[in-house]
Amino acid sequence: MAHATVYVGLTVPQLLRGASRVFPTHSALVRLRHSAFCYCTVNGTIQSKRKMDHLERTANNFRQEVISQAKVCGITNESETVKRLRLAVANKEFTFKAGQWVDFFIPGVSVVGGFSICSSPGLLEREGILELAVKDTVHPPAHWIHTECTLDSEVALRVGGDFFFDPQPGDSPVKLVLLAGGVGINPLFSILLHVADLLGYQESKGNGYKMGTVKLYYSAKNTSELLFKKNILGLMNAFPGKITCRFHVTRQSSQICKELQPYVTEGRISEEDLEKHVSKDTLWYICGPPPMIESISKLLSTIGVPRNCVFFEKWW
């Protein structure tokens, strides 16, 4: 989920006055859940022409009760249109699973954002740091991040989402195929980093985690819009044979740099790409624009992938 918009009855400065008040009231959430139910069929298809906002769309998703203040401790340009934020999280009880998102509360902004986390749970455990990569849009929280956010800016965060990968010690290893489109790489990069952490633990400590292989297919218009590409190349080098990636570009006009050339295909992710990974122990995670998810889901169904092995998160 890249972002979504919601207007609530409380202002963020009010929410930030105390951790127990950094979220909508129970009655407000009940109204949101009712509204979301009214606009969805049993299978989750949106019937209303009105675009649902973040809290409505995610009203039935898991949400933690823990709310934490966080301070911006790093800002970098991940691409020409995407900023990467490092956030120091204050509450030690704040946790998340790889693939989840945060409700993002900004002082002085009455709109609540929803942004997928792009860092690993391990980074939060080790350093108390969480990262987001946010594309510049007219959406008020995204616009604030690109125009007003500075080092030491303070926000509040709440974790939510049912899209995650959370293996436990002793679980049988599975193969992962991660399919990302555009900014939809965010939660899948979090999963990739989490797998890398667990592979590291497995090799150094032998603590019960049994990790399979991970194949990432990542599609964008051109190589300049491929986020985290240097990090992804680094992970492939660190875990050869365990982590692999194929970048797909659909509108490349410039020459592809030598470092990326071996890993880049011009054109969309195809049935031929995917069918080689079909097996009974493969899980498929997809995140990107709704048309991409629908297209990939149909491809997976065509090649015989069971629906209960496919997980997706749409960004809007």
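How many of the seven residues of strand β9 (residues 243-249) are buried? In this predicted model, the count is five, and strand β9 is thus described as mostly covered. Strand β9 is a handy place to begin a tour, and the paragraphs below work outwards from there.

A general view of the chain comes first. The protein chain holds nine helices and twelve strands. Of its 316 residues, 53% count as buried. The chain exposes about 15,200 Å², of which carbon and sulfur atoms supply 51%. When contacts between residues at least 6 apart in sequence are considered, 72% of them join residues at least 24 apart.

Strand β9 belongs to an open sheet of six strands, arranged in the order β10-β9-β8-β7-β11-β12, with parallel pairing. Strands β10 and β12 (310-314) stand at the edges of this sheet; each has a single partner strand, so one side of each is left without a neighbour in the sheet. On average, and with direction ignored, neighbouring strands of the sheet are turned by 15° against each other. As general background, strands of a sheet pair through backbone hydrogen bonds, in either a parallel or an antiparallel manner.

The individual pairings can now be followed along the sheet. Strand β9 pairs with strand β10 (residues 264-266) in the parallel sense, over three bridges. Here V249 has E266 of β10 as its bridge partner. Strand β9 also pairs with strand β8 (residues 214-220), again in the parallel sense, and this pairing spans seven bridges. Within it, Y217 stands opposite R246 of β9. Between these two strands, the chain crosses from β8 through α7 to β9, and the resulting β-α-β crossover is right-handed.

Further along comes strand β7 (residues 175-181). Six of its seven residues are buried, so the strand is largely enclosed by the rest of the structure. Strand β7 pairs with β8 in the parallel sense over six bridges, and its pairing with strand β11 (residues 282-288) is likewise parallel over six bridges. One residue of interest here is A180, whose bridge partner in β8 is Y218 and whose bridge partner in β11 is C287. L178 also has a partner in β11, namely Y285.

Helices lie against this sheet. Helix α7 (residues 229-238) lies across β8 and β9, and runs at about 145° to β9. Helix α9 (residues 290-302) packs on the sheet too, where it touches β7, β11 and β12; its direction makes about 155° with that of β11.

Which residues of helix α7 are buried? They are I232, L233, L235 and M236. These four cover an arc of only 160° around the axis, which puts them on the same side of α7. K230 and N237, on the other side of α7, are exposed. The general geometry of an α-helix helps in reading this pattern: with 3.6 residues a turn, residues three or four places apart point the same way.

Some single residues also deserve a closer look. V214 is located in strand β8. Its relative accessibility is 2%, so V214 counts as buried, the cut-off being under 20%. Setting aside residues up to four places away in sequence, V214 touches L176, L178, L192, V195, K242, I243 and T244. One of these contacts, V195, is 19 residues away from V214 in sequence, and the two C-alpha atoms are 8.1 Å apart in space.

Two further residues draw attention through their backbone. Most residues other than glycine have a negative phi. F228, although not a glycine, has a positive phi of about 60°. F228 sits in the loop between β8 and α7. Is F228 buried or exposed? With a relative accessible area of 0%, F228 is buried. D152 is not a glycine either, and has a positive phi of about 80°. D152 is found in the loop between α5 (140-147) and β6 (154-160). At 53% relative accessibility, D152 counts as exposed.

Terms used. Residues are numbered from 1 along each chain as its sequence is written. This is a predicted model: local features need pLDDT of at least 70, side-chain atom pairs count only at pLDDT 80 or more; totals for chains, interfaces and linings use all residues. Side-chain values use heavy atoms; hydrogens and water are left out. Buried means under 20% relative accessible area, exposed over 50%, partly exposed in between (1.4 Å probe, protein chains only). The arc is that of the directions from the helix axis to the C-beta atoms. Two strands pair if DSSP finds at least two bridges between them. A crossover is right-handed if, with the strands pointing away from the viewer, the path from the first strand over the helix to the second runs clockwise. Contact means heavy atoms within 4.5 Å. Accessible areas come from the Shrake-Rupley method with a 1.4 Å probe; for residues, only the protein chains shown count as cover. Axes are lines fitted to C-alpha atoms, for helices over the stretch in contact, and angles run from 0 to 180 degrees between N-to-C directions.
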